[in-house]
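Reader: Got a minute to walk through this one with me? I'd like to talk strands, then pockets.

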Amino acid sequence: MENFQFQISRLLDAPIEIVQFCSEKIKVKNVQKGEFFLQPGEVCNDTFFVNKGLLRMYSIDKNGKEHILHFAPENWILVDRSSLYLNQPSDYYIDAVESSEVLVLSPEYFDFLAVNQPSVIAKQNVLLHKHVSSLQRRITQLLGATAEERYVDFLKTYPNIFERVPQWMVASYLGITPESLSRVRKELVRKK
């Protein structure tokens, strides 16, 4: 919990005492590899902070192909914002790639935090805009960047993930086949 309190205090520019006070609204959930937090058709009711472990958010298309949108390693937050804030059924899965310790944050947690520290609202707004900006960059990459460029960006975004997930998951995130990912990796090694 201390790590989470430190991270939220830093992210939202809130005094640690306020974050600690609001922590009574948090649930800690220990999950095994493969356990779900969300499945299509369910409404996402919470935000998930990864204290230990690794989560992913993905969809499966009508042909059964998986498309990973995000990974969430330690100190990352993962949520289906559309489902949570618009109260609509999700199109996504969120599950544990590794056994994980996750802090489950209800919308009331953030409301409670904002009541006790009103400046948090402005900081949350900035973080939301940064998130939208990163999603736009990701879409642009998927539409126009080469597989090599996407892979290099993946390594910058998730520097410690490659060793923790199967190659097919990285390929799914990049929007390429595992065979194409192998070729990209070999080509990068050859260039160095």
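**Strand β4 and the pockets**

Author: Sure. Keep in mind that this is a predicted model. A good place to start is the pairing of β4 with strand β7 (residues 93-96): the two run antiparallel and are joined by four bridges.

Reader: OK, and which residue in β7 is the bridge partner of Met57?

Author: That's Ile94.

Reader: What about β5, how many bridges does β4 make there, and in which sense, parallel or antiparallel?

Author: Six bridges, in the antiparallel sense, with β5 covering residues 66-72. Across that pairing, Met57 stands opposite His70.

Reader: And the hairpin of β4 and β5, how many residues sit between the strands?

Author: Five. One of the residues to look at in this hairpin is Gly64, which takes a positive phi near 85 degrees.

Reader: Why is β4 largely enclosed by the rest of the structure?

Author: Because five of its six residues, in the stretch 55-60, are buried. Buried here means under 20% relative accessible area.

Reader: Switching to pockets. What volume does the largest one have?

Author: About 1,100 Å³. Its lining counts 33 residues, and Leu11, Ile77, Arg81, Leu127 and His131 lie nearest the centre.

Reader: Which elements give two or more residues to that lining?

Author: α1 (2-12), β5, β6 (77-78), α3 (81-86), α5 (119-144) and α6 (147-157). The largest share is from α5, with 12 residues.

Reader: And by class, how does the lining of the largest pocket split up?

Author: There are 17 nonpolar residues, 10 polar and six charged.

Reader: Now the second largest pocket. Which residues lie nearest its centre?

Author: Met57, Leu69, His70, Tyr92 and Leu135, out of a lining of 25 residues. So we're back at two names from the strand pairing, given that Met57 stands opposite His70 in β5. The volume of this second largest pocket is about 440 Å³.

Reader: Which elements give two or more residues to the lining of that one?

Author: For the second largest pocket they are β5, α3, α5 and α7 (167-174). Here α5 gives the largest share, seven residues.

Reader: How many charged residues are in that lining?

Author: Four, next to 12 nonpolar and nine polar ones.

Definitions and conventions. Residues numbered from 1 in each chain as written. Predicted model: local features only at pLDDT ≥ 70, side-chain atom pairs only at ≥ 80, totals over all residues. Heavy atoms only, no water. Buried < 20%, exposed > 50% of the residue type's maximum accessible area, 1.4 Å probe, protein only. Pairing = 2+ DSSP bridges. 1 Å grid on protein atoms, 1.4 Å probe; cavity = no way out; pocket = protein on both sides within 12 Å on 5 of 7 lines; lining within 4 Å. Points joined across faces, edges and corners; volume = space filled by probe spheres on them. Nonpolar A, V, L, I, M, F, W, Y, C, P; charged D, E, K, R; others polar.
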